[in-house]
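Q: Please pick one part of this model and take a close look at it. I'd like the cut-offs spelled out as you go, and then a connected account of how the rest fits around that part.

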Amino acid sequence: MNTFDLSKFEEEAQEQWTHAFESNPSNLEKCYLTVAYPYPSGAMHVGHGRTYIVPDVIARFWRMRGKQVLYPMAFHVTGAPVIGISKRIAKKDPKTIHLYRDLYKVPQNVLDEFTDPLTIVRHFASEYQRVMTSCGISIDWRRRFTTVDPTYSKFIEWQWKHLYEAGHVIKGVHPVRYCTVDDNPVGDHDLLEGDKAEVIKFTLVMFQHGDAFIPTATLRPETIYGVTNLWANPNVTYVKALVDGSSWIISREAAEKLALQDHTVEIQEEIAGRDLIDTTVNHPLCGKVPILPADFVDPDMASGLVMSVPAHAPFDYIALRDLQRAGKYTQINPVPLIKVEGYGDIPAQDAVEKSGITHQMDSRMDALTQEIYSAEFSKGTLFERYGGKPVRVARDEIAALMIEKHASKIMYEFDARPVICRCGNKVKVKILHDQWFLKYSDPAWKKQVSDHLGDMVLVPQEVRLEFDRTVDWLKDWACTRRVGLGTRFPWDTTQLIEPLSDSTIYMAYYTIAHKIREIDPRLLTSEVFDYIFLGKESPDLPEKKKLEVMRKEFLYWYPYNYRFSAKDLISNHLTFQLFHHVTIFPKDKLPLGMVVFGMGLLNGAKMSSSKGNVFLLEDAVSDFGADTVRMFLMGSAEPWQDFDWRNELVISTKKQIERLFNTVLESKDADGEPHDIDRWLISRLQSHIERTTEALTNFQTRQAIQEAYFGIETDLKWYRRRLAENSDGSRELHTLCSVWIRLLAPFIPFTGEHLWKEVAGEGLVSFAPWPVANEKLINTRIELAEELISRTVEDIESIRKLIQMTPKSIAISIAPAWKHEIFLLIAKSNNRNTVIKEIMKDDAMRKRGKEATDAAKQCTTLIHRLPPHVVEALVREPINELEVFEAAKIFLEKEFGVPVHITNAESSEHLKAATALPFKPAIIIE
Ligand SMILES: [Zn+2]
């Protein structure tokens, strides 16, 4: 018995798919799709599922459209995270053990071996392959590799040789994000939190405090003239430390940070914060000011002490006001120093009072602070007594003066906190010497990327702005690490190339990954890769025959057509790969397009493995079936929108697939003769084919499912309603089923393969020809007739509900010819305001007087309400409404169970008949 059993369909299809998606160069046009490869350090969740299923749906679509499609996959195992994980497992860290044993369901005997980092990535790489396969993702697995394969390392060395020769790899002194536990710079991938935080350069303003300095960090050194006090936290223990030989009072955190930023730091004694309160400090540019208590001062922010400018900083203003309201420090007044248009003497006071903020913790404080800072920077000027210069000029001059004359120093700090490493440690800013960088700041390199971006297809279009912005602000990138897995840095083999820098052109490597393995890695010189990828001949190339084959593969597949990835990779990976491509490959091998995804939510909350808010893909497949998971992920949102996984909605998706299954089984063998309604069904089908094709060409998976599933299902419902009694439908249903299965096959390939056999399709549906709309089968006349009937049926139903009586008969009264004439004139007219006047110039119409103007107004309203394609069709091909209704009389009588009379409005005596309009007959129920 043929029952709906998704796991049975999965088993059947998997047997037939072995090796089916391995793809080789051919005479067909190629379509090469790639997606950012995973870092296999944990189990896949449904969010990952979407990342790999979207490209799969597109791959399956183009495959059916006759292209030679390549969709490969590899595993990114470069970097330090997995080393941290293995260390934590070795230490039996309960949180890590819980995550891997209970959430990722790693068997205990395997988990025991996770003390070796390579075992972790090997385990999860094969898990990824298994789960991806179970989801029906049509990958050419022959090309699988990992980024620590010796052959891959040779490829990376070749890539870096070219980057170096182009002058993009430089050595320098730079502040970078740094983890002191791992003793390593920290990349975006290594962060648990704070990936948006940027390193900012602060000026330390040095206040004299007895024989020591108290430094306060500021981005606005010009405001020194308005300092009324410093803030210290009375609950913090500060330290006195010798910094480069002079005595500083700072927080303990600041002492650690300064030691990472080219200062010698020696802590000498502790000083309680409360002991600093009410003492005074001195600075040549502001004179003597007191230190006041403030709980908001964070010892982990810069030096741990803050200078206060209440006239221009809303936080300082409120903090001072609060103390003064308690009767303290009432002698202190804000000291303004900048005039700025739109604000009074004391901008901070103005802004705080205008917005009605009453306390420091108000969430609007940050925005308010930003607003004043920007206003003062862009249009503020210092008072005459402070030099009278615009803020944007004075700021740098005063900073330079302080550094030269007043002992100021630079300190680097993040603009947002916290910034946490994957190991759990707080990330700090360290100045690295002899650090290697990719010089993304190079304007010439940026220009090359911008120029190429202009030629690329970006989906959705809105992301172009974000790409442009990223290219613009990218700074030099620390590209090596001391610890981790990966390829040794060629110019300093104690270092490794970091993960975001060895994963930029591997899409080219896929084209040869299955072949290059046959060659001894020791023979893989840069000349070998120069030949394969750049066609450069050189003498004594080893294994020339094999190299020629690889060269052909590369030339056939490259450049890739589309790269898919989540949108959070725009700011690094997706842009980096363009920088590397423009350096290494010629113009005709540069990437063609990118598709950027939205994020995944689980029951409305962001998915996060570390927070345990994930639903494993494998569990989803076994609970609901792979096709259900696929159709839900593709149908609930377009790829670039965020999607929200909710089990109750997933269940209804499964029911939809079951309905499809049952419908196909019921309909496929119908063998009746086709009638008008069959022609209608097939005519409609052509537009569903066309619109599904268009949607998938534009990566709109949701729109495609709306057309291919719901559109056709709705038609079938109407079709069955319109069939004569005792009819199961005609043999056209077989055609419909065959098309329907193929339109949905990219989404639900398992059910697709099963049903394809049921309708006697040839071979695998995965390779069956994609349906093509046949214009000759489009019948506008029949579609309009059905539209008219279904609208009239709806009208009758709503009238019946309104009048609440049992009807004895229904009369349908059709508008007279002159109203049709008016309707057409208005529909064809470009100016619907003047068309009525034009109509009334006609003698016959003028004789009808008010009746004609009323009809013209009603027709105008109706035309606005009808779908534009219906109006267009009516203009092109007016229908004979009387004939249409006569032909549907039996159907209407069956629907409503009473006699139905079709009349001409002009011959009807009923008053209501006069309301009949074209495409909207008068309905009289008695
Ligand atoms: Zn760390």
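What follows starts at the zinc ion and then moves outwards.

A: First, some ground rules: this is a predicted model, with local features needing pLDDT of at least 70 and side-chain atom pairs counted only at pLDDT 80 or more, while totals for chains, interfaces and linings use all residues. Residues are numbered from 1 along each chain as its sequence is written, and side-chain values use heavy atoms, with hydrogens and water left out.

Now the metal. Three cysteine sulfurs, the SG atoms of Cys-179, Cys-421 and Cys-423, coordinate the zinc ion together with an OD atom of Asp-182, at 2.2 Å (donors are N, O or S atoms within 2.8 Å of a metal like this one). The angles between the four donor atoms run from 94 to 125°, so the arrangement comes out as tetrahedral (all angles between 85 and 135 degrees). For reference, the ideal angle for four tetrahedral donors is 109.5 degrees. Along the chain, the donors are spaced as C-x2-D-x238-C-x1-C. Cys-179 is buried at 1% relative accessible area, whereas Asp-182 is partly exposed at 25% (under 20% is buried, over 50% exposed, in between partly exposed, with a 1.4 Å probe and protein chains only).

Backbone oddities come next. The peptide bond between Arg-417 and Pro-418 is cis, with omega about 0°, and Pro-418 sits in the loop that links β17 (409-414) to β18 (420-421). Helices here are DSSP runs of H or I with at least four residues, and strands are runs of E with at least two, numbered from the N terminus. Another cis bond runs from Val-459 to Pro-460, with omega near -5°; Pro-460 is in the loop between β20 (457-459) and α15 (463-473).

If you're checking phi, look at Asp-262: its value is near 65°, positive despite not being a glycine. Asp-262 belongs to the loop between α8 (252-259) and β11 (265-272) and is partly exposed at 43%. Asn-726 is another non-glycine with positive phi, near 70°. The loop holding Asn-726 runs between α25 (701-722) and α26 (732-744), and at 82% Asn-726 counts as exposed.

Then there's the second largest pocket, with a volume of about 1,400 Å³. Pockets are open sets of points on a 1 Å grid with protein on both sides within 12 Å along at least five of seven lines, and lining residues have an atom within 4 Å of a point. Its lining has 36 residues, and the ones nearest the centre are Phe-202, Met-301, Phe-315, Thr-369 and Tyr-373. β6 (199-209), β7 (212-218), β14 (306-308), α10 (314-325) and α12 (365-379) each give two or more residues to that lining, with α12 supplying the largest share, seven residues.

Strand β7 also holds Phe-213, which is buried at 18%. The C-alpha of Phe-213 is 9.3 Å from that of Lys-240, 27 residues away along the chain.

Zooming out, the protein chain has 35 helices and 32 strands. Its C-alpha trace spans about 110 × 80 × 50 Å along the principal axes, and 55% of its 926 residues count as buried. Buried Cys-179 is on that side of the cut-off, and partly exposed Asp-182 isn't.

Terms used
On a 1 Å grid over the protein atoms alone, a cavity is a set of points where a 1.4 Å probe fits but cannot get out, and a pocket is an open set with protein on both sides within 12 Å along at least five of seven lines; lining residues have an atom within 4 Å of a point. Grid points are joined across faces, edges and corners, and a volume is the space filled by probe spheres set on the points. Donors are N, O and S atoms within 2.8 Å of the metal (3.2 Å for Na, K and Ca); water is not among the atoms, so sites may look incomplete. Four donors count as tetrahedral if all angles lie between 85 and 135 degrees; four count as square planar and six as octahedral if opposite donors are over 155 degrees apart and all others between 65 and 115; anything else is irregular.
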